[in-house]
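Me: Please take a close look at one part of this predicted model, the interface of domain 1 and domain 2, and say how much area is buried there.

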Amino acid sequence: MSTSHASQNLYIETYGCQMNVADSEIVASVLEEKGYKVVEDIDSADVILVNTCSIRENAEQRVWGRLDVFKQIKKKKPEVIVGVIGCMAERLKEKLLEEEKIVDLVVGPDAYRDLPNILESAEGGQKAINVLLSKEETYADISPVRLGKNKISAFVSIMRGCNNMCSYCIVPYVRGGERSRDPYTIVREVEELYQKGYKEVTLLGQNVDSFNWKAEDSEENISFAQLLEMVAKVSPSLRVRFSTSHPKDMSDDVLYTMAMYNNICNHIHLPAQSGSTRVLEQMNRKYTREWYIGRIDAIKKILPNCAISTDIMTGFPGETDEDHKDTLSLMEYVGYDMAYMFKYSERPKTYASRHLPDDIQDSVKSQRSTEIIDLQNKLSEQTKKEDLGKTFEVLVEGTSKKSKEQLYGRTSQNKVVVFPRHNYTVGDYVFVEIVDCTSATLIGEIVTK
Ligand code: SAH
Ligand code: SF4
Ligand code: F3S
């Protein structure tokens, strides 16, 4: 398949969520097919692609900053092609070409198969763009080129897009509608990873619980719980994780499937966003505080050792002190192991930007955000203290940054543990007893079991 591009070096920089990380691996695959070679050194690049995120204003600011840096590179080496791909490409479309002269091409998340053509135009001096969204594209047949440093853990995209229309969120606009990928291609990809020595896969979607694949030529219909089981059966020594679960759709079926398979990790990322039913309604999340608590209680009952993490947003339009307190009390109730916390950022086109004035002062957003972060630090510390004296199976991921004599890995609950190396190596499973902890890490000793 070699073409005139045989010697072109491709450098890809990725921002945003795990879906973007997975997409960059699709992009690398599409372009390696055409003879491009992925490089890690930007100075040796003939093509620079930046895979972008639009979720919050500051995510886009970071990309504009990078484009300034690419401008300097292009000054020295004018033949370098600079492309913007991903969510920001989809949101801004032609505007990116108009506003930033150094950008040669713009490609949205459903148009990556067209990248070779687009690049050909750009290399011929013609700026090019493809931001068509698709109802079907899942890149099901493409084998991603794994770009991650660690060769034991991989992301596997199981669906694309989102149908939820949370009132603050740009994702449905930049990623299009929800579609599920053929589960047989998912299992095949996971089997290939396992054969290559991978020990962990993370199944990715904006709302994995609504995974629903219908066969074209039969009555067959596969749910997320069924898919999870198919993937878990690939091998008992392959860990399975998934993200993100949506509280409105997370079913007991999924929890029972997790309980049945030891290799499905005991961790659920269940973004709450807010603890106030009034705010949740304004967010169009389609669940109440009570419903969310019901889901948490179900997790705690069916999976007593399951870690729970979340996303929380502060300063949503109209959020009162009372609403904010509801969020704090929900966090206390759940006792999250980990949380991602954000200040509300108004996004163009969304329902909130059109109908709900961004009326919470930044100082108030910051104050509430600080309170939430402080509380989460306390909760994270508490959950780590509860692990003291317990023994966990840990998958070794690498050598500790602080000492060559120490390894680090993760428990099923997704907590990082550091412990003495002995003769173990990356990819091994070891049993580790927790003897101490810092604010971010568990510290353990290997036990033989
Ligand atoms: N599909 C996932 C979320 C993906 S976006 C879900 O529904 O849980 C990741 C997180 O970014 C969201 O959970 C939310 O907390 C945050 N986020 C999304 N839009 C935002 C906005 N406009 N301002 C601030 N945070 C936002
Ligand atoms: Fe955005 Fe809501 Fe979809 Fe998550 S579920 S991606 S927050 S619209
Ligand atoms: Fe960002 Fe797009 Fe993910 S907007 S959070 S990279 S789906």
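Reply: The area buried between domain 1 and domain 2 is about 1,700 Å², and carbon and sulfur atoms give 55% of it; buried area here is the accessible area (1.4 Å probe) that two parts lose on being put together, summed over both. On the side of domain 1, Gln18, Met19 and Arg56 lose the most area to domain 2, together 35% of what that side buries. The bounds, which come from an automatic or database domain assignment, are 3-130 for domain 1, 153-384 for domain 2 and 391-446 for domain 3. Taken over C-alpha atoms, the centres of domain 1 and domain 2 are 29 Å apart, and the contact (heavy atoms within 4.5 Å) takes 17 residues from domain 1 and 20 residues from domain 2.

This is a predicted model, in which local features need pLDDT of at least 70 and side-chain atom pairs count only at pLDDT 80 or more, while totals for chains, interfaces and linings use all residues. Residues are numbered from 1 along each chain as its sequence is written, chains are lettered from A and ligands numbered from 1 in the order in which they are written, and side-chain values use heavy atoms, with hydrogens and water left out.

As for the charged and polar pairs, the rule finds five salt bridges across the interface of domain 1 and domain 2, a salt bridge being a side-chain nitrogen of Lys or Arg within 4 Å of a carboxyl oxygen of Asp or Glu. The side chains of Arg179 and Asp110 meet in a salt bridge with an N to O distance of 3.1 Å. Nine residue pairs, with both residues at pLDDT 80 or more, are in polar contact across this interface; a polar contact is a pair of N or O atoms within 3.5 Å, where within protein one must be able to donate a hydrogen and the other to accept it, and residues adjacent in sequence count only if both atoms are side-chain atoms.

The elements that give two or more residues to the side of domain 1 that touches domain 2 are α1 (18-33), α2 (57-76) and α3 (87-92), where helices (H or I, at least four residues) are DSSP runs numbered from the N terminus. Of these, α1 gives the most, with six residues. By class, that side of domain 1 has seven nonpolar, three polar and seven charged residues, with Ala, Val, Leu, Ile, Met, Phe, Trp, Tyr, Cys and Pro counted as nonpolar, Asp, Glu, Lys and Arg as charged, and the others, Gly among them, as polar.
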